[in-house]
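Please open the model in a viewer with selection by residue number enabled. The tour proceeds by successive selections, each followed by a description of what is found there.

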Amino acid sequence: MHRPLRSLALLPCLLALCLAACHAPAPATPPPFELVVLGIAQDGGVPQLGCDQPCCSEARATGRTLGPACLGVIDHRHGKLLLVEATPAVERQVALLHQLAGTKPRGRQAVDGILLTHAHIGHYLGLAHFGREAAASRQLPVFAAPRLAQFLRREAPWRQLIALEQIAVVECALGAALEPLPGLTAVPLRVPHRDEFSETVAWRLTGPTRTVLFVPDVDRWDSEPGLLDRLLAGVDVAYVDGTFFDGSELPDRDLREIRHPFVTDTMARLQELAKARPGAVRFLHLNHTNPALRNPAVRARIAALGFAVAEEGERIGL
Ligand SMILES: [Zn+2]
Ligand SMILES: [Zn+2]
């Protein structure tokens with residue numbers, strides 16, 4: 001659809017306003033829940049093991065590391081904290097969650113619940129830190145879709161966490177709403193992905209004021225009819241799989257092997273949405289090679305189109 005240039009010229013201002021809203025200090029009457037971003041990288045984080053390219057050697061040299069994609073939810077009314085994913089960087093991410101919440105880490109019950117998307121390393125290995133070698137939590141609710149719940153109950157070392165009652169797996173029916181915190185609704189939505197050990201879900205989180213989608217890992221949008229529309233229905237802000245920008249960051253790989261939607265493809269499909277609501281679609285789960293992590297021209301292109309790369313520490317009232 002044609003749009004007048006005048007509205008395009010306003011885009012940077014609108015985007016700045018939206019981003020300012022995301023980073024704004026809490027208003028006088030804050031929303032009861034705040035969603036915060038605790039990590040934006042793909043499973044391997046940045047730097048990634050074994051990578052000697054500038055993307056990772058510079059991160060090692062400067063200490064500016066990035067943890068795998070992870071969200072937190074702060075319940076301001078009851079002082080409760082929810083983690084969305086338990087990544088290998090869980091200690092640092094939970095510490096950041098407490099810092100953003102203005103609370104102190106509290107021994108065994110570092111958080112009050114964990115939502116998981118699937119059994120790939122960046123998304124659930126952090127559960128090990130709730131076991132006897134580290135925090136040794138007590139009956140920490142871990143919300144998981146049926147195959148993932150079964151995987152955790154059956155496989156070592158996860159089944160030991162359950163046997164020792166350090167975690168309590170809550171099996172979640174696909175598409176059915178639950179309340180991981182009182183007043184916060186969460187719905188696990190099945191998505192196509194490389195499902196060796198578990199199915200994969202996206203989480204849709206709804207508080208009294210907003211609905212946020214979290215879909216860090218998904219196959220290309222055309223792998224299932226209506227997939228993107230189904231996920232975005234009723235969503236105010238979407239945190240979306242941004243693993244690869246356009247594939248050119250992987251010169252040795254056959255593009256047909258890459259199942260993730262490219263950032264460029266997602267931007268093409270959602271261009272009207274991004275024009276109408278700049279900043280509503282935010283990329284995370286970026287591979288260490290993704291130029292959107294460090295190339296100013298690529299970042300400017302994303303921003304000019306009304307999209308954003310999520311940032312650690314950004315927050316949204318729910
Ligand atoms: Zn992943
Ligand atoms: Zn995955």
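The tour below concerns a predicted model, and it begins at the metal ions before moving to the sheet and the helices.

**The zinc ion (ligand 1)**

Select the zinc ion (ligand 1) together with Asp43, His123, Asp217 and His285, which coordinate it at 1.9 to 2.1 Å. The donor atoms are OD of Asp43 and of Asp217, and NE2 of His123 and of His285. Angles among the four donor atoms run from 84 to 169°, and the site is irregular. Along the chain, the donors are spaced D-x79-H-x93-D-x67-H. His123 belongs to helix 4 (residues 121–124), whereas Asp217 sits in the loop between strand 10 (211–215) and helix 7 (227–232), so the pair ties together parts that are 94 residues apart in sequence. Both His123 and Asp217 are buried.

**The zinc ion (ligand 2)**

Keep Asp217 selected and add the zinc ion (ligand 2): Asp217 bridges this ion and the zinc ion (ligand 1), and the two ions lie 3.5 Å apart. Next, display the protein donors of the zinc ion (ligand 2), namely His118 (NE2), His120 (ND1), His193 (NE2) and Asp217 (OD), at 2.2 to 2.6 Å from the ion. What arrangement do the four donor atoms form around the zinc ion (ligand 2)? The angles they subtend span 82 to 166°, which makes the arrangement irregular. The sequence spacing of these donor residues is H-x1-H-x72-H-x23-D. Colouring by accessibility will show that His118 and His120 are buried.

**The open sheet**

Switch to a cartoon representation and find the open sheet of seven strands, with the order 6-5-4-3-2-1-14 and mixed pairing. At its edges stand strand 6 (167–171) and strand 14 (315–317); each has a single partner strand, so one side of each is left without a neighbour in the sheet. From one strand to the next, the twist averages 20°.

Select strand 1 (33–39). Seven of its seven residues are buried, so strand 1 is largely enclosed by the rest of the structure. Six bridges pair strand 1 with strand 2 in the antiparallel sense, and Glu34 is found opposite Ile74 of strand 2. Strand 1 is also antiparallel to strand 14, over three bridges; here Val36 has Arg315 of strand 14 as its bridge partner.

Elsewhere in the sheet, select strand 4 (residues 113–115) and strand 5 (residues 140–144), which run parallel and are joined by two bridges. Ile114 has Val142 in strand 5 as its bridge partner.

**Helices beside the strands**

Add helix 3 (residues 90–101), which lies across strand 1, strand 2 (70–75), strand 3 (80–84) and strand 14. Its direction is at about 145° to that of strand 1.

The last selection is helix 5 (residues 146–154), where Leu148, Ala149, Phe151 and Leu152 are buried. Why do these residues lie on the same side of helix 5? They cover an arc of only 160° around the axis, which puts them on the same side of helix 5. To see what covers the buried residues of helix 5, display helix 4, strand 5, helix 6 (158–163) and strand 6, which are among the covering elements. Helix 4 also appeared at the metal ions, as the element that holds His123.

How values were computed:
Residues are numbered from 1 along each chain as its sequence is written. Chains are lettered from A and ligands numbered from 1 in the order in which they are written. This is a predicted model: local features need pLDDT of at least 70, side-chain atom pairs count only at pLDDT 80 or more; totals for chains, interfaces and linings use all residues. Side-chain values use heavy atoms; hydrogens and water are left out. Donors are N, O and S atoms within 2.8 Å of the metal (3.2 Å for Na, K and Ca); water is not among the atoms, so sites may look incomplete. Four donors count as tetrahedral if all angles lie between 85 and 135 degrees; four count as square planar and six as octahedral if opposite donors are over 155 degrees apart and all others between 65 and 115; anything else is irregular. Buried means under 20% relative accessible area, exposed over 50%, partly exposed in between (1.4 Å probe, protein chains only). Two strands pair if DSSP finds at least two bridges between them. Helices (H or I, at least four residues) and strands (E, at least two) are DSSP runs, numbered from the N terminus. Axes are lines fitted to C-alpha atoms, for helices over the stretch in contact, and angles run from 0 to 180 degrees between N-to-C directions. Contact means heavy atoms within 4.5 Å. The arc is that of the directions from the helix axis to the C-beta atoms.
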